[in-house]
Amino acid sequence: MTDYPTLTLNDDRQIPQLGFGTYKIEEDEAPQAVKTALDVGYWLVDTAAVYGNERVVGKGVGDWSDIFLQTKIWNESQGYDRTLKAADKCLERLGRDHVDMLLIHWPCPEKDLFVDTWKAFIELRDQGKAKSIGVSNFREQDLKRIIDETGVTPALNQIELHPSFQQRELRKVHDDLGIVTQSWSPLGQGEGLDAGAIKDIADETGQPTSAVVLRWHLQHGLVPIPKSTGRDHIEQNFAALAFELSDDQMARIDALDDAGGRMGPYPAEFNG
Ligand SMILES: NC(=O)c1ccc[n+]([C@@H]2O[C@H](COP(=O)([O-])OP(=O)(O)OC[C@H]3O[C@@H](n4cnc5c(N)ncnc54)[C@H](OP(=O)(O)O)[C@@H]3O)[C@@H](O)[C@H]2O)c1
């Protein structure tokens, strides 16, 4: 992974710091989009059982055996036995005997099954089917509960995070617990790219607005996983690895934080 930034997880494994998201990439476009991303140089690919594209994402990744591949167990598969079975199905669809990172997609507090699900994840890690294990959309209390009840801290938490929703409190919790923060919708689903400060910084640096936003994630020690289907955008996003933002430019993006900027569901309420 020459010149590709990585972070060290709490299980001592390395995770590439820029990834490729595949949510809403349709079955027919996924193999090409993933191949393009790998061709451009991405080392991490994120999918999920619920995206319905694991089979084609697996095909797109093909023989690139050293790609960091992660998937997520969907809410209906929570619970110890169901999770073990669901993980086997993920592996079968992906065409692999293991993934690099397996995530619980949502805590679903009303179901109250995430501790049992986490116990199955520990078993899957012991069996080598998941090299690292983590969670997604977990709140501070959810994280503390699985740690208290199992003694195993997730390697990462994948959460909604973009300049207009910066999640500073949860990031601090992650830092204190030794959990890597992975940013979903890192570009604000493409909607935040027209903000004045972002456009100004793009002009100052001569970089695409998307690369400016992704660079901000990288310099904060986050792992952004932007999604795109077209080569132009995939290349623009990858440009984030090749320049730096000044402290002043970082501060101007920090100032875009908005407590009401959440775009996705509330983890406390999402139990679907
Ligand atoms: N754990 C969870 O609950 C959860 C939830 C949501 C997402 N995710 C993960 O996070 C990944 C990323 O999130 P996301 O897809 O919601 O949002 P995102 O990556 O912030 O934004 C994707 C949108 O931005 C556009 N875009 C990408 N690059 C661009 C560029 N250079 N210039 C202009 N527009 C650009 C894309 O359009 P084009 O395709 O046309 O480029 C798409 O409409 C997902 O794919 C998924 O893997 C996880």
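Okay, quick bit of vocabulary before we start: two strands pair if DSSP finds at least two bridges between them, and strands here are DSSP runs of E, at least two residues, while helices are runs of H or I, at least four, both numbered from the N terminus.

This is a predicted model, so local features need pLDDT of at least 70 and side-chain atom pairs count only at pLDDT 80 or more, while totals for chains, interfaces and linings use all residues. Residues are numbered from 1 along each chain as its sequence is written.

Right, the sheet. It's open, with eight strands in parallel pairing, ordered β3-β4-β5-β6-β7-β8-β9-β10. β3 (20–21) and β10 (223–224) are the edges, each pairing on one side only. Further in, β5 (residues 68–73) and β6 (residues 99–104) run parallel, joined by four bridges, and T71 stands opposite L102 in β6.

So what is L102 in contact with, leaving aside its neighbours within four places in sequence? With contact meaning C-beta atoms, placed from the backbone, within 7 Å, you get T71, I73, A87, F121, L124, A130 and I133.

Now helix α5, residues 140–150. D142, L143 and I146 are buried there, meaning 20 or more other C-beta atoms lie within 10 Å of their own; exposed is 12 or fewer, and partly exposed is in between. Looking down the α5 axis, the buried residues fall within an arc of 100° (taken from the directions from the axis to the C-beta atoms), so they line one face. They pack against α4 (114–126), β8 (156–160) and α6 (168–177). On the face turned away sit exposed Q141 and D148. And just after α5, G151 has a positive phi of about 75°.

Methods:
Contact = placed C-beta atoms within 7 Å.
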